[in-house]
Amino acid sequence: MVFIILIIISFIFIAIAVSKEMSKNEHKEEDENLMDDFYPITENNTAEIDRLPYQIYYKEKSQKEDFYKDADFVNKNCESLDDFIINDDINAFDLRKLADLNGIGLQISKAWYPLTIKLIQKLHDNGWDKRVYCIKSKYASLEFYASNEDHLREIIRDYGYRSQTVCETCGENGEMRSYSGWDYIDCRKHYLEKRGKITIDSEGFCYNDFYYYWNTITDRSFEDLDFNGKYRILIIEFKKDTAENEDLIYGKLYISKNAIGFGNFLSYLSKNFFRLANSYVTKFENVEFCEICGYKAVYLDECECCENYTREGYLKTWRNEENSEEKKFQYIKDRQISWIKDEGEIYETKQKNYIKNPDYKVLFNEDELNKWDLN
Ligand SMILES: [Zn+2]
Ligand SMILES: [Zn+2]
């Protein structure tokens with residue numbers, strides 16, 4: 001009898017412990033989602049969304065109002081879409097409120113708030129009814145689903161194009177980047193932070209601040225072949241329990257071809273690990289100077305440093321293109337200018353990842369650089 005009671009009691013304890021753990025995980029996940037969704041607010045506002053309690057936002061409406069309590073914005077007391085004011089003073093809280101009143105979320109990063117605010121001001125000036133069904137970043141572009149009227153659609157399309165040059169992290173000038181099949185807009189600085197970096201020595205290699213010993217590698221393979229015959233991902237497997245960190249997924253490390261030092265890493269593998277080499281890895285044995293950025297980082301017709309194709313690589317990709325010395329000159333020159341404009345050289349030089357060609361030739365002049373700005 002006592003035994004049965006003991007069993008029942010222990011079941012109750014286990015049930016309580018499990019349910020506590022589950023609700024803890026649920027909260028954790030919810031908080032993280034909210035964090036992703038929250039960003040500080042544009043300049044002229046004393047309140048920061050950051051400082052408001054994350055937990056309350058998606059709860060009851062009355063609690064939602066607490067969320068706006070310390071904020072200063074035009075539509076603070078607005079209750080319906082018809083009364084919503086759009087003027088030069090609206091800020092990110094107004095944008096959030098507009099989304100709220102339309103019953104949608106704001107699925108863009110804070111860096112795109114100013115652009116989106118400008119868009120709604122422009123739409124408003126052109127007779128928009130303030131209805132919007134979706135505001136999000138999709139395929140590295142601002143998606144704003146609203147009116148079907150031609151002249152408004154034109155404005156929305158224009159801001160979609162504009163968003164494609166605005167870094168989603170900081171709002172500075174950016175361009176489209178791809179990372180493991182995911183497209184987004186980043187300036188060079190933020191892109192470099194995400195690219196990852198591999199360095200090697202005789203004992204092993206370092207990838208994103210974790211060190212791995214050569215003698216713990218058991219296998220490697222490639223994944224995700226692109227239309228140029230290049231693999232986007234290298235997967236490295238390790239002996240059980242030899243390398244443990246959160247970057248590993250079931251003992252495997254996934255390295256993107258965009259990582260700084262990727263070509264050098266493969267080149268090292270091909271020369272030092274015959275056991276691991278295959279025909280693909282041996283293609284990375286040779287490295288050349290890039291005519292665009294001037295750094296020694298060209299593997300397989302593509303520069304790892306500036307991420308441009310060589311002229312030859314470009315022609316292979318777009319097979320119909322007519323080739324001539326003149327066209328090649330123009331190709332290299334255009335990309336040199338765009339590389340300089342992207343401040344690429346400045347960041348790369350700071351990092352000293354690659355060796356610079358002492359015979360590097362700049363093909364453009366000051367005048368052409370200035371004209372590029374006007375385009
Ligand atoms: Zn940025
Ligand atoms: Zn280059």
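## Zinc site of ligand 2

In this predicted model, four cysteine sulfurs hold the zinc ion (ligand 2): C290 (SG), C293 (SG), C303 (SG) and C306 (SG), at 2.3 to 2.4 Å. The angles among the four donor atoms run from 106 to 118°, and the site is tetrahedral. For reference, the ideal angle for four tetrahedral donors is 109.5 degrees. Along the chain the donors follow the spacing C-x2-C-x9-C-x2-C.

C290 sits in the loop between β12 (288-289) and β13 (296-299), and C306 in the loop between β14 (302-303) and α9 (311-317), so this pair ties together parts that are 16 residues apart in sequence. Both C290 and C306 are buried.

## Zinc site of ligand 1

The zinc ion (ligand 1) has a donor set of C167 (SG), C170 (SG), C187 (SG) and H190 (ND1), at 2.0 to 2.3 Å. Here the donor residues are spaced C-x2-C-x16-C-x2-H in sequence. The site is tetrahedral, with angles of 98 to 119° among its four donor atoms.

Two of these donor residues can be placed by their accessibility. C187 is buried, with a relative accessible area of 7%. H190 also counts as buried, at 12% relative accessibility; the cut-off for buried is under 20%.

## Helix α3

Helix α3 covers residues 92-101, and eight of its ten residues are buried, so the helix is largely enclosed by the rest of the structure. The buried residues are A92, F93, D94, L95, R96, K97, L98 and A99. They include charged side chains, namely D94, R96 and K97.

The N-terminal end of α3 is capped by N91, which places a side-chain oxygen 2.8 Å from the backbone nitrogen of F93. Just after the helix, G103 adopts a positive phi of about 70°.

## Largest cavity

The structure holds one cavity of 30 Å³ or more. The largest cavity contains about 180 Å³ of space. Its lining comprises 15 residues, of which K257, F284, Y299, E302 and E304 are the closest to the centre. Two elements, α7 (262-272) and β14, each give two or more residues to this lining. By class, the cavity lining has seven nonpolar, two polar and six charged residues.

## Largest pocket

The largest pocket contains about 980 Å³ of space. It is lined by 32 residues, and those closest to its centre are E175, M176, E302, E307 and Y309. The elements that supply two or more lining residues are β4 (175-179), α6 (188-195), α9 and α10 (325-341). The pocket lining divides into eleven nonpolar, eight polar and 13 charged residues.

E302 appears both among the residues closest to the centre of the cavity and among those closest to the centre of the pocket. Links to the zinc sites can also be traced through the elements. Helix α6 (188-195), which lines the pocket, spans the position of H190, a donor to the zinc ion (ligand 1). Strand β14, which lines the cavity, covers residues 302-303, and C303 is a donor to the zinc ion (ligand 2).

## F273 and W214

F273 lies in the loop between α7 and α8 (279-282). At 15% relative accessibility, F273 counts as buried. The C-alpha atom of F273 is separated by 9.3 Å from that of W214, a residue 59 positions away along the chain.

Notes
Residues are numbered from 1 along each chain as its sequence is written. Chains are lettered from A and ligands numbered from 1 in the order in which they are written. This is a predicted model: local features need pLDDT of at least 70, side-chain atom pairs count only at pLDDT 80 or more; totals for chains, interfaces and linings use all residues. Side-chain values use heavy atoms; hydrogens and water are left out. Donors are N, O and S atoms within 2.8 Å of the metal (3.2 Å for Na, K and Ca); water is not among the atoms, so sites may look incomplete. Four donors count as tetrahedral if all angles lie between 85 and 135 degrees; four count as square planar and six as octahedral if opposite donors are over 155 degrees apart and all others between 65 and 115; anything else is irregular. Helices (H or I, at least four residues) and strands (E, at least two) are DSSP runs, numbered from the N terminus. Buried means under 20% relative accessible area, exposed over 50%, partly exposed in between (1.4 Å probe, protein chains only). A polar contact is a pair of N or O atoms within 3.5 Å; within protein, one must be able to donate a hydrogen and the other to accept it, and residues adjacent in sequence count only if both atoms are side-chain atoms. On a 1 Å grid over the protein atoms alone, a cavity is a set of points where a 1.4 Å probe fits but cannot get out, and a pocket is an open set with protein on both sides within 12 Å along at least five of seven lines; lining residues have an atom within 4 Å of a point. Grid points are joined across faces, edges and corners, and a volume is the space filled by probe spheres set on the points.
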